[in-house]
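Open the model in your viewer and keep a selection prompt ready. Each stop below says what to select and what is there.

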Amino acid sequence: MAQILDGKAFAARLRGRVAEAVAELGAAGGPAPGLAVVLVGEDAASQVYVRSKGRATREAGMVSLEHRLAADVPQAELLALVAQLNADPAVHGILVQLPLPAHMDAAAVIAAIDPAKDVDGFHISNVGLLATGGRAMVPCTPLGCLMLLRDRLGDMAGLEAVVLGRSNIVGKPMAQLLLRESCTVTVAHSRTRDLPGVCRRADILVAAVGRPEMVPGDWIKPGATVIDVGINRVPDGAGGSRLVGDVAFASAAEVAGAITPVPGGVGPMTIACLLANTVTAAARAAGLPEPEGLGL
Ligand code: NDP
């Protein structure tokens, strides 16, 4: 039976480390890190995320600023708000909650964020810095996955890593991070031939597909470390619903060496890494050393 990688407990420790780093920063004459979250429209899931981000930010001793705009707000108004936040010295991190309404160009909005305040790590400058080994802001979900992997495996050099999914927010940055760890990385996607065979090569398998329980146990190499990024809501058979990952947990746990559960695996790491990135951004803005244990 696989070891269960408890992301909830790990994230709680990381949030504790963030709170310590906030206090250290203050003691060194630095600012209270400020995170501005911008929500456009009424998307129910986004509202829940924004609320929990605000709460976690305040609990870590940081300043949370929330900006809510109507769903039909012109893009120019959102860009003006981003420019105002870019110029505000009390704001160290800016997060524009995605998805944006259909009339907006998300790429243009992300491009308008100051890369130094881009705590989501989606700005093209941060994408480029990550790919070239520079001092990037690293996207929160892959950063959380990396922390869990390091905690379990330590040195990953030479391991076969397969990332299932090639999105800009999870799959691609995850592949870059594993390459930085000197893994031999394969990125698989919907056009990959022999997906089961590719997955069976993996010492490290990261699944970020968005398909409920798509990866069965017999795609997994015995002893592999499996990180399940997927969050899928499915009927629970009793008129309600439940969350499952992209990996069929029960059968995978019989084969894997370690596996993240859903919920309670990668999910809690994402918000903790958002806080960590905001503290890192605040330390950089103040010209102070970056706190240990919060990033790469
Ligand atoms: P996207 O939909 O942007 O990307 C999905 C990827 O999976 C694509 O690259 C796609 O391939 C690939 N894919 C889809 N179907 C198949 C298939 N049948 N076989 C092989 N590959 C396939 O999703 P995201 O990366 O944004 O998210 C992935 C999952 O992670 C979702 O469940 C999401 O909810 C979850 N998530 C969780 C987070 C967390 O905090 N835990 C944060 C972000 C996401 P192609 O490119 O060829 O179309």
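Select domain 1 (29-115) and domain 2 (140-268) and colour them separately; the chain is divided into these two. In this predicted model, the C-alpha centres of domain 1 and domain 2 lie 29 Å apart.

**Helix 1**

Next, select residues 7-27, which form helix 1. Place a distance between its end C-alpha atoms: the separation is 30 Å, which agrees with the 30 Å expected for 21 residues at 1.5 Å a residue. At the N-terminal end, show the side chain of Asp-6, which caps helix 1 with an oxygen 3.1 Å from the backbone nitrogen of Lys-8. Past the other end, select Gly-29, which follows helix 1 and has a positive phi near 85°.

Now show the buried residues of helix 1: Gly-7, Phe-10, Ala-11, Leu-14, Arg-17, Val-18, Ala-21, Val-22 and Leu-25. Turn the view to look down the helix axis; the buried residues fall within an arc of 150°, so they line one face of helix 1. The face turned away from that side carries Lys-8, Arg-13 and Ala-27, which are exposed. To see what covers the buried residues, add helix 6 (140-153) and helix 10 (266-285), which are among the elements that do so.

**Thr-141**

Stay with helix 6 and select Thr-141, which lies in this helix. Is Thr-141 buried or exposed? At 17% relative accessibility Thr-141 counts as buried, because the cut-off for buried is under 20%. Show its side chain together with that of Thr-270: the two make a polar contact at 3.0 Å. Leaving out residues up to four places away in sequence, Thr-141 touches Val-170, Val-229, Val-266 and Thr-270.

**Cysteines**

Select the cysteine sulfurs next. How many disulfides does a search of the whole structure find? The search finds zero. Cys-145 is in no disulfide, and the nearest cysteine sulfur to it, that of Cys-273, is 8.6 Å away. Cys-199 is in no disulfide either; its nearest cysteine sulfur belongs to Cys-145, at 15 Å. Cys-145 is buried, with a relative accessible area of 0%, and Cys-199 is buried too, with 1%.

**Backbone exceptions**

The remaining stops concern backbone torsions. Most residues other than glycine have a negative phi, and most peptide bonds are trans.

Select Leu-98 and Pro-99: the peptide bond between them is cis, with omega near 0°. Pro-99 sits in the loop that runs between strand 4 (93-96) and helix 4 (106-112). Then go to Val-262 and Pro-263, which are joined by a cis peptide bond with omega about -5°. The loop holding Pro-263 lies between strand 11 (258-259) and helix 10.

Move on to Ser-182, a residue other than glycine whose phi is positive, near 65°. Ser-182 is found in the loop between helix 7 (171-180) and strand 6 (184-188). With a relative accessible area of 44%, Ser-182 is partly exposed.

Finish at Asp-194, in the loop between strand 6 and helix 8 (195-200). Its phi is also positive, near 50°. Which class does Asp-194 fall into, buried or exposed? At 51% relative accessibility, Asp-194 counts as exposed, because the cut-off for exposed is over 50%.

Technical notes
Residues are numbered from 1 along each chain as its sequence is written. This is a predicted model: local features need pLDDT of at least 70, side-chain atom pairs count only at pLDDT 80 or more; totals for chains, interfaces and linings use all residues. Side-chain values use heavy atoms; hydrogens and water are left out. A disulfide is a pair of cysteine sulfur atoms within 2.5 Å. Buried means under 20% relative accessible area, exposed over 50%, partly exposed in between (1.4 Å probe, protein chains only). Helices (H or I, at least four residues) and strands (E, at least two) are DSSP runs, numbered from the N terminus. The expected span of a helix is 1.5 Å times one less than its number of residues. The arc is that of the directions from the helix axis to the C-beta atoms. Contact means heavy atoms within 4.5 Å. A polar contact is a pair of N or O atoms within 3.5 Å; within protein, one must be able to donate a hydrogen and the other to accept it, and residues adjacent in sequence count only if both atoms are side-chain atoms. Domain bounds come from an automatic or database domain assignment.
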